[in-house]
Amino acid sequence: MSKIHVTTTVNGDEVEFLTDPRETLLDCLRDHLDLTGSKEGCGTGDCGACSVTVDGTLVSSCLMLGVEAEGKKIETIEGMAGKDGELHPLQRKFIEHAALQCGFCTPGFLVASKALLEKNPDPTETEVRYWLAGNLCRCTGYDKIVRAVMDAAAEMRGAA
Ligand code: FES
Ligand code: FES
């Protein structure tokens with residue numbers, strides 16, 4: 001099958017790649033752009049491990065085709081820390097609260113949590129749990145993740 005040329009913006013940088021029209025955005029990020037932070041847990045939209053934002057909207061990249069990325073602005077976990085390597089407050093708080101164990105789900109949780117705090121900088125615990133209901137973790141039991149998000153939100157509000 002002939003490949004399709006896609007130009008898109010990932011973490012602020014314009015990139016181009018060739019893709020089979022049936023490939024998912026997740027596969028394109030991982031296999032064509034070497035951005036392997038987004039994980040494939042299920043491939044069916046159920047686990048959130050592949051979460052990215054596309055034009056500011058949280059999406060499961062396993063459910064989107066790579067060709068649909070044409071002209072879009074995509075943010076992945078690789079763009080979360082500053083250019084100088086300084087961790088985002090959410091990343092620091094996940095570490096401080098031990099909100100990860102194997103870490104497989106963590107990129108998805110971080111991307112989803114950042115999307116939440118951009119929409120709602122002061123979420124209640126219930127709102128955090130509701131927003132993150134699409135992200136599954138088999139290790140942490142979720143409480144530490146929720147505490148990390150609430151703590152990061154408080155710190156970010158203080159800094160704003
Ligand atoms: S891999 Fe995309 S939701 Fe699970
Ligand atoms: S830390 Fe292992 S799946 Fe979440």
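Modeller: Before we start, one definition: the radius of gyration used here is taken over C-alpha atoms, and the globule rule it is compared with is 2.2 Å times the number of residues to the power 0.38. Please also keep in mind that this is a predicted model.

Colleague: OK, so what radius of gyration does the protein have, and what would a compact globule have?

Modeller: The protein has a radius of gyration of 16 Å, and a compact globule with 160 residues would have one near 15 Å, so the two values agree. Along its principal axes, the C-alpha trace spans about 50 × 30 × 25 Å.

Colleague: And how many helices and strands are there?

Modeller: The protein has five helices and five strands, and if you read from the N terminus, the elements follow the order β-β-α-β-β-β-α-α-α-α.

Colleague: What share of the residues counts as buried?

Modeller: Of the 160 residues, 43% count as buried. As for the surface, the accessible area comes to about 8300 Å², and 51% of that belongs to carbon and sulfur atoms.

Colleague: Let's zoom in on α1. Which of its residues are buried, and what do they pack against?

Modeller: Helix α1 covers residues 25–32, and Leu25, Leu26, Cys28 and Leu29 are buried in it. These buried residues pack against four strands, namely β1 (4–10), β2 (13–19), β3 and β5.

Colleague: Why might positions such as these end up on one side of a helix?

Modeller: An α-helix has 3.6 residues a turn, so residues three or four places apart point the same way.

Colleague: You skipped Asp27. Where is Asp27 found, and is it buried or partly exposed?

Modeller: Asp27 is also found in helix α1, but it counts as partly exposed because its relative accessibility is 25%, and buried would mean under 20%. Not counting residues up to four places away in sequence, Asp27 touches His32 and Glu40. The C-alpha atoms of Asp27 and Leu65 are separated by 8.9 Å, although the two residues are 38 residues apart along the chain.

Colleague: Switching to strands, how do β3 and β4 pair?

Modeller: Strand β3 (residues 51–54) and strand β4 (residues 57–60) pair in the antiparallel sense, over four bridges, and one of the bridge partnerships joins Val54 to Thr57 in β4. The two strands form a hairpin with two residues between them, and Asp55 in the turn has a positive phi of about 50 degrees.

Colleague: What is usual for phi?

Modeller: Most residues other than glycine have a negative phi.

Colleague: Then where else does a positive phi turn up?

Modeller: Among the other places, Asp34 takes a positive phi of about 60 degrees just after α1. Ala98, which is not a glycine, has a positive phi of about 50 degrees, and Ala98 is found in the loop between α2 and α3 (106–119). Tyr142 has a phi near 80 degrees and is found in the loop between α4 (125–131) and α5 (143–159).

Colleague: Are Ala98 and Tyr142 buried or partly exposed?

Modeller: Ala98 is partly exposed, with a relative accessible area of 37%, and Tyr142 is partly exposed as well, with a relative accessible area of 29%.

Colleague: Last one: where is His88, and what is it in contact with?

Modeller: His88 has its place in the loop between β5 (73–75) and α2 (89–96), and it is buried, with a relative accessible area of 11%. Leaving aside neighbours within four places in sequence, His88 is in contact with Met80, Ala81, Lys114 and Met156.

Terms used. Residues are numbered from 1 along each chain as its sequence is written. Chains are lettered from A and ligands numbered from 1 in the order in which they are written. This is a predicted model: local features need pLDDT of at least 70, side-chain atom pairs count only at pLDDT 80 or more; totals for chains, interfaces and linings use all residues. Side-chain values use heavy atoms; hydrogens and water are left out. Two strands pair if DSSP finds at least two bridges between them. Buried means under 20% relative accessible area, exposed over 50%, partly exposed in between (1.4 Å probe, protein chains only). Accessible areas come from the Shrake-Rupley method with a 1.4 Å probe; for residues, only the protein chains shown count as cover. Contact means heavy atoms within 4.5 Å.
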